Amino acid sequence: MGITEKIDKITGISTDYLTTLPPAPRSVKIELTGKCNFQCNFCAHSQRLRDVDEMSPELYKRLVRELRDAGVDELGVFYLGESFTCKWLPEAIRYAKQECGFPYVFLTTNGSLASPEKVTACMEAGLDSLKFSLNYADEEQFKQIAQVKGSLFNKIADNVKTAYEARKAGGYQCGLYASYIEYDGEQGQRINSYIEELRPYVDELYALPLYNQAALVENDEWAFVQGNRGRLNNLRDPLPCWSIFTEGHISFDGRLSACCFDHDSRFDMGDLNQSSFMDAWHSEKFTSLRAAHLKKNVDNSICEKCVIYE
């Protein structure tokens, strides 16, 4: 099963999950680190709304074991931070795959630190999916948006290509994927040229809309999509939001969030340092929020600003 099919299964909420007390989510993203080496102005991370650090390996191991025992099948070893800044990333993958038996471990990266050596170590550890976020049309736009040195733009493209070669050389089964933001006009033409150069090196390449990141990002020049409606060619209704029914999101400090863009902790549903994952997944705060989504009325809730609705 390719990445877009997996994404569509998560964003398309099946009937058994359309309840205030759904079973364990199919997928959970766990944040090894909240740090990122980019300061993209379309991402609320650049606003520094929270202090960031790394998750302790001890907490990670406890949670990952618990998630697998609860029935979670897909583990993302990332959330809001850039996981290639974490030195024990391969060990985290190995523990999830070999010690806990996760069928599918996946990772999304901005690509700048995904060197051949690091990617090979992750593939050796058992990584099933590596996706590159290709969100810049050219070096000049990259410098303006990511707010880092322009030479990293070409480094990302090189790392996509060397990941392909590393997989081939090692005979690894890791899927290689890429996503990109759908720009329009001249920017759209430029990014299309860039992604076409890299298309031969990935198994699937797909477009994403520009998310408003829980209404934390505003720009008069950009057109944001309400909520998180999935990938561009299969947009879902913004309500109910799949994120609170079919996928869990755990921050580096052990907080279970109701949102895939929780940059300011307002979506905190429970402290996993003090409670089990399933207790937090079925907490009163979470069940109340799900009830509002099922009614398609999130007035006066933490989701109100993110979801534009009639």
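Select Ser179 and Tyr206: Tyr206 in β6 is the bridge partner of Ser179. This is a predicted model, in which local features need pLDDT of at least 70 and side-chain atom pairs count only at pLDDT 80 or more, while totals for chains, interfaces and linings use all residues. Residues are numbered from 1 along each chain as its sequence is written, and side-chain values use heavy atoms, with hydrogens and water left out.

**Stop 1: strands β5 and β6**

Widen the selection to β5, residues 175-181, and β6, residues 204-208. Strands here are DSSP runs of E with at least two residues; helices are runs of H or I with at least four; both are numbered from the N terminus. β5 and β6 pair in the parallel sense over five bridges. Two strands pair if DSSP finds at least two bridges between them.

Now color β5 by burial. Seven of its seven residues are buried. Buried means under 20% relative accessible area, exposed means over 50%, and partly exposed lies in between, with a 1.4 Å probe and protein chains only. In a regular strand the side chains alternate between the two faces of the sheet. On one side of β5 you find Gly175, Tyr177, Ser179 and Ile181. On the other are Leu176, Ala178 and Tyr180. Both faces are covered.

**Stop 2: strands β4 and β3**

Select β4, residues 129-133. Five bridges join β4 to β5, and the two run parallel. Ser129 stands opposite Gly175. Is β4 mostly covered or mostly bare? Mostly covered: five of its five residues are buried. Ser129, Lys131 and Ser133 point one way, and Leu130 and Phe132 point the other way.

Add β3, residues 104-109. β3 and β4 run parallel, joined by four bridges. Look for Leu107, which stands opposite Leu130.

**Stop 3: Leu134**

Step on to Leu134, in the loop between β4 and α5 (139-146). Leu134 counts as buried because its relative accessibility is 2%. Which residues does Leu134 touch, leaving out residues up to four places away in sequence? The list is Ile156, Val160, Ala178, Ser179, Tyr180, Ile181, Ile191, Tyr194, Ile195 and Leu198. Contact means heavy atoms within 4.5 Å. Next, set a C-alpha distance from Leu134 to Thr109: it reads 9.3 Å, for residues 25 apart in sequence.

**Stop 4: helix α6**

Ile156 and Val160 take you to α6, where both are buried. Select residues 151-170 to see the whole helix. The expected span is 1.5 Å times one less than the number of residues. For the 20 residues of α6 that gives 28 Å, and the end C-alpha atoms are 28 Å apart, so the two agree. An α-helix has 3.6 residues a turn, so residues three or four places apart point the same way. The buried residues of α6 are Leu152, Phe153, Ile156, Ala157, Asn159, Val160, Ala163, Ala166 and Arg167. Just after α6, check Gly171: its phi is positive, about 65°.

**Stop 5: loops and backbone angles**

Go to Ser251, in the loop between β7 (247-250) and β8 (255-257). Ser251 counts as buried because its relative accessibility is 8%. Beyond residues up to four places away in sequence, Ser251 touches Glu31, Arg50, Met55 and Tyr79.

Select Leu239 and Pro240 next. The peptide bond between them is cis, with omega near -10°. Pro240 sits in the loop between β6 and β7.

Ser265, in the loop between β8 and β9 (268-271), has a positive phi near 65°. At 43% relative accessibility, Ser265 is partly exposed. Lys296, in the segment after α9 (284-294), also has a positive phi, near 55°. Lys296 is partly exposed at 46%.

**Stop 6: a cavity**

Select Cys241, Cys259, Phe267, Cys303 and Cys306, which lie nearest the centre of the second largest cavity. A cavity is a set of points on a 1 Å grid over the protein atoms alone where a 1.4 Å probe fits but cannot get out; lining residues have an atom within 4 Å of a point. Its volume is about 120 Å³, counted as the space filled by probe spheres set on the points, with grid points joined across faces, edges and corners. What kinds of residue make up the lining? There are 10 nonpolar, four polar and no charged. Ala, Val, Leu, Ile, Met, Phe, Trp, Tyr, Cys and Pro count as nonpolar, Asp, Glu, Lys and Arg as charged, and the others, Gly among them, as polar.

**Last view: the whole protein**

Zoom out. The protein has nine helices and nine strands. Of its 310 residues, 56% count as buried.

Methods:
On a 1 Å grid over the protein atoms alone, a cavity is a set of points where a 1.4 Å probe fits but cannot get out, and a pocket is an open set with protein on both sides within 12 Å along at least five of seven lines; lining residues have an atom within 4 Å of a point.
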